[in-house]
Amino acid sequence: MSVLSKVFLNEPRGEMVSFKKGFSVRLVILFTVLTVVLTAAVILTWEQVLKPPYYRWTERNYPGKANAENRDKLQQRTEHFFISMTVDVIVVSILLVIVDRKQRRLVEANQRLAHNEKVATLGRVAAQVAHEVRNPLAGLLLYSEHLKGKIEGKLPNGDAQLIDKIIDTINNLTATTEQILNFARPVTLAPRRVDLNEVARDVVQLLSTEIAAHSIETKHELDDSPVAGMLDEPSIRATTLNLVLNAVQTMPAGGQLTISTSKSVDKLSMTIRDTGSGMTPDQIKQIFEPFSTTKSRGLGLGMPYAQKIIQQHGGQIVVDSEPGKGTEVRIELPANERN
């Protein structure tokens, strides 16, 4: 019985059932072909390289006709053992590597699923709270504006400004509730041909005042040809705007903002790099958690929303950062130019 056979036959029945269920036809065919090829290679190696010196060794140590039977048995057993063990060890090693990769991917998929379920639950709870708060806020705003109109010109300027502050506070709270509702609300994509080069230029132009106010140098490393694919333009622009704004806010004393794009056969890429304060590994792990933020202001929904949009496009967003050396955020999207 070969080593490979023993590995499978000695497995508990429950594990064997689950293992067989995971086998696909393609994997069976692959291992069949692989075993045949490896066996042929091992036999060829034995015949051409190892057999001649080994046979000469046995003839020296078991000379003459009296030892012919023992010599033949030793040669045959060694040949069978070498070929069988070599093929089995190689195949089992490859199998273990594949199983390990599949297991890691399964763990990563479970982690993503758990994260998405957590995000969805938080989104539903936050949306319910925001929905309950929005109507009273609308009422407060209406009453405040009505009160302002009633007392306009009857109070000193200092007292009248208090009502303006109340109205501003209500508007800020309303904007916060809308942000929560937008995060929790399902996004319906309307794909059309979008060039990431144009998106990058437009977003930088839109934030030019804030970029200049922070004394930030902007550098464009855009691909010479259009980096275009079938994307939902409003959500991609909103995501890019949020990422660039995050980069700007990490450089209050100035720095360099670099936006680069590239395109391969099946992938569009946009990278946003800053020379800001950077993040620790723990902060990177928490960056996509809703309501997790290191800013004094903000809800911590920008990065989770960006991840949600990119994943809904079938892409991924990758963050690489180091404290004191800045942050790099890379967006990768499928390069399909047809619906």
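Let's start with Ile170 and its neighbours. Leaving aside residues up to four places away in sequence, Ile170 touches Leu137, Leu140, Leu141 and Ser144. Keep in mind that we are looking at a predicted model. Ile170 itself sits in helix 5, which covers residues 157-184. Is Ile170 buried or exposed? Its relative accessible area is 6%, and buried means under 20%, so Ile170 counts as buried. You can also look at the backbone here: the C-alpha atoms of Ile170 and Ala138 are 8.2 Å apart, while 32 residues separate the two along the chain.

Now come with me to Ser260. You'll find Ser260 in strand 4, residues 255-263. Ser260 has a relative accessibility of 11%, so this residue is buried under that same 20% cut-off. Which residues does Ser260 touch, again not counting those up to four places away in sequence? They are Glu221, Leu222, Ser269, Met270, Thr271 and Arg273.

Next, helix 10, running over residues 302-312. Its buried residues are Gly302, Met303, Pro304, Ala306, Gln307, Ile309 and Ile310. Just after helix 10 comes Gly314, with a positive phi of about 85°.

Finally, how confident is the predictor? The chain has a mean pLDDT of 79, with 81% of its residues at 70 or more. Among the elements, strand 5 (residues 267-274) has the highest mean pLDDT, 93, and helix 1 (residues 3-9) has the lowest, 38. Residues 1-22 have a pLDDT below 50, and this stretch makes 15 contacts in the model beyond near neighbours in sequence.

Definitions and conventions:
Residues are numbered from 1 along each chain as its sequence is written. This is a predicted model: local features need pLDDT of at least 70, side-chain atom pairs count only at pLDDT 80 or more; totals for chains, interfaces and linings use all residues. Side-chain values use heavy atoms; hydrogens and water are left out. Helices (H or I, at least four residues) and strands (E, at least two) are DSSP runs, numbered from the N terminus. Buried means under 20% relative accessible area, exposed over 50%, partly exposed in between (1.4 Å probe, protein chains only). Contact means heavy atoms within 4.5 Å. pLDDT is the predictor's confidence in each residue, from 0 to 100.
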